[in-house]
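Biologist: Hey, can you walk me through this one? I'd like to start with what sits in the middle.

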Amino acid sequence: MRITAIEVFRVELPLKEGSYNWSGGKSVSVFDSTIVRIATDAGLVGYGECCPLGPVYLPSYAGGVRAGLAELAPHLLGADPTQAGAITQLMDARLKGHPYVKSALDMACWDIAGQAAGAPVCTLLGGRFGEAITLYRAISKDSPEKMAASVAAYRAEGYTRFQLKVGDDADLDIARIRAAAAQLRTGDRLVADANTGWLQHEALRVIRGVRDIDVYIEQPCLTYEECLAVRAHCHHPFVLDEVISDVPTLLRAASDRAMDVVNLKISKFGGLTKLRLARDLCVELGIAMTIEDTWGGDIVTAAIAHLAHSTPAALRFTSTDFNSYVTVSTADGAPRREQGRMAAPGTAGLGLRPRAEVLGSPVLSVRAP
């Protein structure tokens with residue numbers, strides 16, 4: 001089987017709540033998502049997606065996805081999309097770095113591989129563990145009262161995991177955490193996610209100010225070293241996210257005992273192929289995981305569901321359903337949450353039927369001669 005054509009589409013994904021706000025005054029109201037369509041000489045077609053969280057979250061941005069695809073896509077023509085390792089090596093050889101650019105291509109290849117095997121992608125990634133995946137809901141940064149009200153509202157919808165966006169003034173963040181924690185019941189989990197927003201002394205003030213609260217502390221500071229210093233003084237469960245972008249850093253953090261939970265994002269690692277390796281290492285090391293991506297719609301949500309569902313449940317801390325945050329659906333057959341949980345599709349590949357009327361015309365098209 002050979003790749004004969006690659007098409008790239010741009011889709012805007014407005015947020016249902018109007019905006020998504022996190023540390024440092026950062027905010028997004030409409031996500032700029034890039035969708036890739038890979039066609040083959042066997043008639044199979046696969047889809048992938050990459051949607052950065054704006055240009056100021058990680059070293060990635062929407063325009064960069066499409067610019068990188070224009071550079072990289074021609075080199076994949078003629079390659080076998082079912083050979084994940086070979087495709088990964090080819091992409092790394094033809095474009096140094098920029099893992100997020102490669103993510104949608106890798107995802108689409110897994111979609112094709114699943115269709116070729118007549119199996120869901122989760123089966124190829126390790127099998128299906130359990131009936132459904134527990135989801136978290138991100139609570140956009142706002143006043144303590146409004147954030148607590150959001151926790152209560154989403155709890156009523158069935159969510160039991162809440163990722164509270166903090167990383168602001170220490171006293172205000174203490175109030176946010178306390179207000180949100182007051183809404184929880186036995187079995188719920190609260191994560192205070194600073195998204196690198198605290199200086200080290202501010203992070204220490206916050207963890208001291210909520211030492212009596214059952215809360216996870218996530219990515220308090222910008223650098224790995226700062227987070228490790230905060231971890232040394234923290235008795236709460238500790239989560240790392242932004243500073244874990246590749247397998248060597250993951251192994252370093254495991255050796256340093258720098259975290260209890262790690263957030264693994266598909267596009268940050270460069271696709272399902274490399275993230276599967278990181279996932280499997282975490283399974284061997286006994287590190288719990290949040291399996292997700294930077295953002296996205298139906299296609300990213302399906303990829304998250306397949307990787308999460310193929311992860312042993314005991315080490316699957318949580319995941320998220322990004323397609324429930326936005327107003328535009330790009331594909332039929334995508335996972336839909338029910339009472340704070342979702343399941344990977346049971347049909348072959350990612351299990352999606354993209355909506356041509358939503359994708360529109362491609363912004364880039366490359367074809368084999």
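Modeller: Sure. First a term: a nonpolar core is a set of buried Ala, Val, Leu, Ile, Met, Phe, Trp, Tyr and Cys residues joined through side-chain atoms within 4.5 Å. And keep in mind that this is a predicted model.

Biologist: Okay, so which residues touch the most other members of the largest nonpolar core?

Modeller: Those are Leu164, Ile177, Leu240, Val262 and Trp295, out of 93 residues in that core. Helix H12, residues 298–309, gives the largest share of this core, with eight residues.

Biologist: Is there some general idea behind that?

Modeller: Yes, nonpolar side chains tend to be buried together in soluble globular proteins.

Biologist: What is Leu164 in contact with, leaving aside its neighbours within four places in sequence?

Modeller: Quite a list: Ile139, Met147, Val151, Arg176, Ile177, Ala180, Leu190, Val191, Ala192 and Asp193. There's also a second, separate core of 23 residues, which includes Ala73, Met91, Leu105 and Val366.

Biologist: New topic, helices. At what angle do the axes of H7 and H8 cross?

Modeller: Roughly 30 degrees, and the axes come within 10 Å. H7 covers residues 200–209 and H8 covers residues 224–231. Angles under 35 degrees count as roughly parallel, so that's what we call H7 and H8. Their crossing is right-handed.

Biologist: Which residues make the contact?

Modeller: From H7 you get Gln200, Ala203, Leu204 and Ile207, and from H8 you get Glu226, Ala229 and Val230. By type, the contact of H7 with H8 has five nonpolar residues, one polar and one charged.

Biologist: Now Ala84. Buried or exposed?

Modeller: Buried, because its relative accessibility is 19% and the cut-off for buried is under 20%. Ala84 is in helix H2, residues 84–94.

Biologist: What does Ala84 touch, not counting residues up to four places away in sequence?

Modeller: Trp110 and Thr273. Also, Ala84 and Asp106 are 22 residues apart in sequence, with their C-alpha atoms 7.4 Å apart in space.

Biologist: Last thing, backbone angles. Which residue has a phi near 35 degrees?

Modeller: Gln219, and that's a positive value in a residue other than glycine. Gln219 sits in the loop between strand E10 (216–218) and H8. Arg257 also has a positive phi, near 50 degrees, and lies in the loop between helix H9 (247–256) and strand E12 (261–265).

Biologist: And are those two buried or exposed?

Modeller: Gln219 is buried, with a relative accessible area of 0%, whereas Arg257 is exposed at 65%.

Methods
Residues are numbered from 1 along each chain as its sequence is written. This is a predicted model: local features need pLDDT of at least 70, side-chain atom pairs count only at pLDDT 80 or more; totals for chains, interfaces and linings use all residues. Side-chain values use heavy atoms; hydrogens and water are left out. Axes are lines fitted to C-alpha atoms, for helices over the stretch in contact, and angles run from 0 to 180 degrees between N-to-C directions. Helices (H or I, at least four residues) and strands (E, at least two) are DSSP runs, numbered from the N terminus. Angles under 35 degrees count as roughly parallel, over 145 as roughly antiparallel, 65 to 115 as roughly perpendicular and the rest as oblique. A crossing is left-handed if the near helix is turned anticlockwise from the far one by less than a right angle, and right-handed if clockwise. Contact means heavy atoms within 4.5 Å. Ala, Val, Leu, Ile, Met, Phe, Trp, Tyr, Cys and Pro count as nonpolar, Asp, Glu, Lys and Arg as charged, and the others, Gly among them, as polar. Buried means under 20% relative accessible area, exposed over 50%, partly exposed in between (1.4 Å probe, protein chains only).
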